[in-house]
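Reader: I've got the structure open and a few labels I'd like you to justify. Can you walk me through them?

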Amino acid sequence: MTNNLHIVEDLQTAAHDTADRAHYVNQWVMHHVTDSGQWHTPLWSLHLPPWMSNNAIMLMVASVLLIVCFGAFYRYQQGKAPRGWTNALEALVLFVRNDISIAYLGEKDGRKMAPLFLTFFFFILTCNLMGLCPLFSTATGNINVTFGLASVTFFFMVFGAMYANGPVKFFKAFAPAGVPWPILIILMPIEMIGLVIKCVALTIRLFANMLAGHIVVFSLVGLLVTFGYWALPALGMALAINLLEVFIAFLQAYVFTVLSAMFIGEMYHPAH
Amino acid sequence: MNLSVLGAGLVVFGAAFGIGWIGSSAMKAMSRQPEAAPKIQTAMLIACALIEGVALFGAVICFLAN
């Protein structure tokens, strides 16, 4: 079979048993939310080489979309109020720079680090929203992608802070002044593990949010297959959840960026 | 019957309690000081995200156990 229609055909030949159909629907849902070596759309079906995967293509498409958005459609309008698409992008850019980057890292570091957080925000937002469009899949619903993003945060939390404050001050931040040494023995390892845990939490939060949202949408549509016309109201609910997902796409991009800024800011200015 | 389903339910219980508490506190704070509403909203969303992260840890473990 060249496309995922075989699941539909399996479904048609399956016994007229609700449990059997539910099993195939389950397979269909998992097939759609996990990464695979194929890219199926109603228009074409691609079998990708082994070094390539569906979500990797989505990452590339997201990058190209962003480059086109900011490179071709963005027009810098000197001296007058921006209009149209430029206005929409500029509002988001200013929001990320002022309310996330500068708010958590201070005026000087915030301006310097703004490109990182802008990249985080727009890249995650594009990946999330692409998952809601037909033809595309959610790259951020893959734990490898979100781990990659979180490891960038980790890199800046450790090496960026070392570069900004010097290695001595970086390690001193783990031992706050005025704490007796018996407590420090317990406190320091916890602080160091916390550094990793924060990034793992970032990974899991984005990944599980996107994955869980899509599973809910697919399961609601799958109810229609399992129970037939009795489950027609589920279609309305699937639509409602899909709209909720649009909100969640923005929220998770914001949350990832703001938490990254918070964690990095904590390491840059430990005296806080 | 897989017990991990029960675990997912328990996780939802805890997360709902936490997020509900944050929401109600934020409502109270905002009604007392409407001028501080944007700041409170930001702090609320961040706290919600932290709780959600823990809840999703549980959800992921349920997925893995299934």
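Reader: What makes you say that helix α4 of chain A isn't straight?

Author: This is a predicted model, by the way. Helix α4(A), residues 84-132, has 49 residues, and at 1.5 Å a residue a straight helix of that length would span 72 Å. The end C-alpha atoms of α4(A) are only 24 Å apart. Look at A:G106: a kink of about 135° is centred there. That angle is taken between axes fitted to the seven residues ending at a residue and the seven starting there.

Reader: How do you know that chain B isn't a compact globule?

Author: For 66 residues, a compact globule would have a radius of gyration near 11 Å, whereas chain B comes out at 15 Å. Its C-alpha trace spans about 50 × 15 × 10 Å along the principal axes. Chain B has two helices and zero strands.

Reader: And what share of chain B counts as buried?

Author: Buried takes 20 or more other C-beta atoms within 10 Å, and 9% of the residues of chain B count as such.

Reader: Which residues touch the most other members of the largest nonpolar core?

Author: A:F117, A:F121, A:I124 and A:F256, in a core of 49 residues. Among the helices that each supply at least two residues are α7 (181-227) and α8 (233-268) of chain A, and also α2 (37-65) of chain B. The biggest contributor is α4(A), with 15 residues.

Reader: What does A:I124 touch beyond four places away in sequence?

Author: Contact needs C-beta atoms within 7 Å, and A:T140, A:L206, A:Q252, A:A253 and A:F256 qualify.

Key: Residues numbered from 1 in each chain as written. Chains lettered and ligands numbered in written order. Predicted model: local features only at pLDDT ≥ 70, side-chain atom pairs only at ≥ 80, totals over all residues. Helix = DSSP H or I, 4+ residues; strand = E, 2+ residues; numbered from the N terminus. Rg over C-alpha atoms; globule rule 2.2 N^0.38 Å. Buried ≥ 20, exposed ≤ 12 C-beta atoms within 10 Å, placed from the backbone. Expected span 1.5 Å × (residues − 1). Core = buried A, V, L, I, M, F, W, Y, C linked by C-beta atoms within 7 Å. Contact = placed C-beta atoms within 7 Å.
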